[in-house]
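Trainee: Please take one part of this model, the salt bridges, and look at it closely for someone who is new to the structure. Please then place that part in its wider setting.

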Amino acid sequence: MLRRSSGAGRAFTLIELLVVIAIIALLISILLPALRGARETAQSVMCSHHMKQITLAGILYAQDNQSKFWTTTEWARRVDSTNWVYPGHLYDYVEQLDEISECPKNKRQNPYGRTDGAQIFADGTVALDFDYCMVEGTQGASLAAQTIVYYIDRVEKYDGGTSPVSLTEEQAAEWLTPFRSIPIFAEESSYWYNGLIFDGRWGNLDQITNRHDRGGYFGFVDGSVERFVPHAKNNDEPLQEGTDWVANDIYVWVHAQRYKRVYSASLGRFGWINNPRN
């Protein structure tokens with residue numbers, strides 16, 4: 001007579017089952033951070049791609065318009081005399097703009113709960129028309145412009161409060177760092193102030209987001225895109241402080257005078273950035 005093996009059909013003991021569960025939990029705890037990191041990287045790469053598309057659209061517009069970028073008031077949307085909002089110049093150069101205009105991590109959401117900012121993509125699914133804004137002061141920037149734009153480094157150099165209106169050469173040498181090129185577009189913080197002021201412009205006290213590994217993206221006049229980490233010691237985006245890195249921390253040399261803020265010196269002056277002056 002054949003006998004069944006004494007080990008056949010043996011069930012797991014409770015201890016063995018607990019060991020298996022513990023091993024699975026350990027593997028999950030090891031893999032989840034890697035998966036989360038991969039997702040963050042993918043979102044950052046896609047965001048830089050969207051910024052690249054918008055920047056290249058501005059370059060294409062410039063090539064069709066005497067080598068100059070559009071104005072900050074009409075690049076994304078325009079308002080007529082009856083306050084009717086309609087698409088700006090960007091819409092003539094970018095397809096699938098509903099997707100391109102958003103950071104895949106923020107998806108044009110408003111941290112303050114307001115829903116009145118999306119006047120073009122007003123389909124009820126997003127609060128904002130765009131996560132990217134045009135740098136105030138770069139309206140009319142020429143593709144051939146050689147202006148060097150600087151920013152205050154609040155981490156290692158300037159540790160004061162609100163940056164001074166203008167800088168002497170000695171102060172500039174100590175506090176300023178040059179950008180790689182003229183910044184045209186900024187991934188504006190939805191806290192300060194893209195979620196409060198829906199104008200598509202980046203200037204004054206506006207900030208750049210820190211949602212991509214403590215930074216956000218700039219698009220430059222040469223077509224390049226770069227992640228920029230705000231140079232402030234306390235980079236806490238939801239919290240507004242006097243030492244935050246803001247658009248007023250961007251300067252250029254004004255001939256025979258001193259370094260001045262791009263925002264205040266260029267406000268409303270088309271093409272000023274090509275030949276900075278008082």
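**Salt bridges and their surroundings**

Mentor: Glu136 and Arg201 form a salt bridge through their side chains, at 2.7 Å from N to O. Glu136 belongs to the loop between S3 and strand S4 (150-152) and Arg201 to strand S8, so this pair ties together parts that are 65 residues apart in sequence. Glu136 is buried, with a relative accessible area of 5%, whereas Arg201 is partly exposed at 25%. Salt bridges with shared partners also join Asp98, Glu102 and Arg108 into one network.

Some terms should be fixed here. A salt bridge is counted when a side-chain nitrogen of Lys or Arg lies within 4 Å of a carboxyl oxygen of Asp or Glu. Helices (H or I, at least four residues) and strands (E, at least two) are DSSP runs numbered from the N terminus. Buried stands for under 20% relative accessible area, exposed for over 50%, and partly exposed for what lies in between, with a 1.4 Å probe and protein chains only.

The model is predicted, so local features need pLDDT of at least 70 and side-chain atom pairs count only at pLDDT 80 or more, while totals for chains, interfaces and linings use all residues. Residues are numbered from 1 along each chain as its sequence is written, and side-chain values use heavy atoms, with hydrogens and water left out.

Within the network, Asp98 pairs with Arg108, and their closest N and O atoms are 2.6 Å apart. This pair links distant parts of the chain, since Asp98 is in helix H2 and Arg108 is in the loop between H2 and S3, 10 residues apart. The two partners contrast in their cover: Asp98 is partly exposed, with a relative accessible area of 36%, but Arg108 is buried at 1%. A further salt bridge brings together the side chains of Arg114 and Asp116, at 2.8 Å from N to O. Arg114 is partly exposed at 31% relative accessible area, and Asp116 is partly exposed at 44%. By the rule given above, the count comes to 9 salt bridges.

The loop that holds Arg108 also has a point of backbone interest. Lys107 has a phi near 55°, a positive value in a residue other than glycine. Lys107 sits in the loop between helix H2 (97-100) and strand S3 (133-135), and its relative accessible area of 46% makes it partly exposed. Ser67 likewise has a positive phi, of about 65°, although it is not a glycine. Ser67 is placed in the loop between H1 and strand S1 (77-79) and is partly exposed, at 33% relative accessible area. Another backbone feature is the cis peptide bond from Trp192 to Tyr193, with omega near 0°. Tyr193 lies in the loop between strand S7 (183-186) and strand S8 (201-202); S8 is also the strand of Arg201.

Two buried loop residues complete the view of the chain. Phe69, in the loop between H1 and S1, is buried with a relative accessible area of 1%. From C-alpha to C-alpha, Phe69 and Ala145 are 11 Å apart in space, though 76 residues apart in sequence. Ser181 lies in the loop between strand S6 (176-178) and S7 and counts as buried at 13% relative accessibility. The C-alpha atoms of Ser181 and Tyr91 are separated by 25 Å, with their positions 90 residues apart along the chain.

At the surface, Ile15, Val19, Ile23, Leu26, Leu27, Ile30 and Leu31 make up a nonpolar patch, with about 690 Å² of accessible area together. Patches are built from residues with over 30% relative accessible area and no salt bridge, where like charges are joined within 9 Å and nonpolar side chains (Val, Leu, Ile, Met, Phe, Trp, Tyr) within 5 Å. Accessible areas come from the Shrake-Rupley method with a 1.4 Å probe, and for residues only the protein chains shown count as cover. One of the patch residues, Leu26, lies in helix H1 (residues 14-64).
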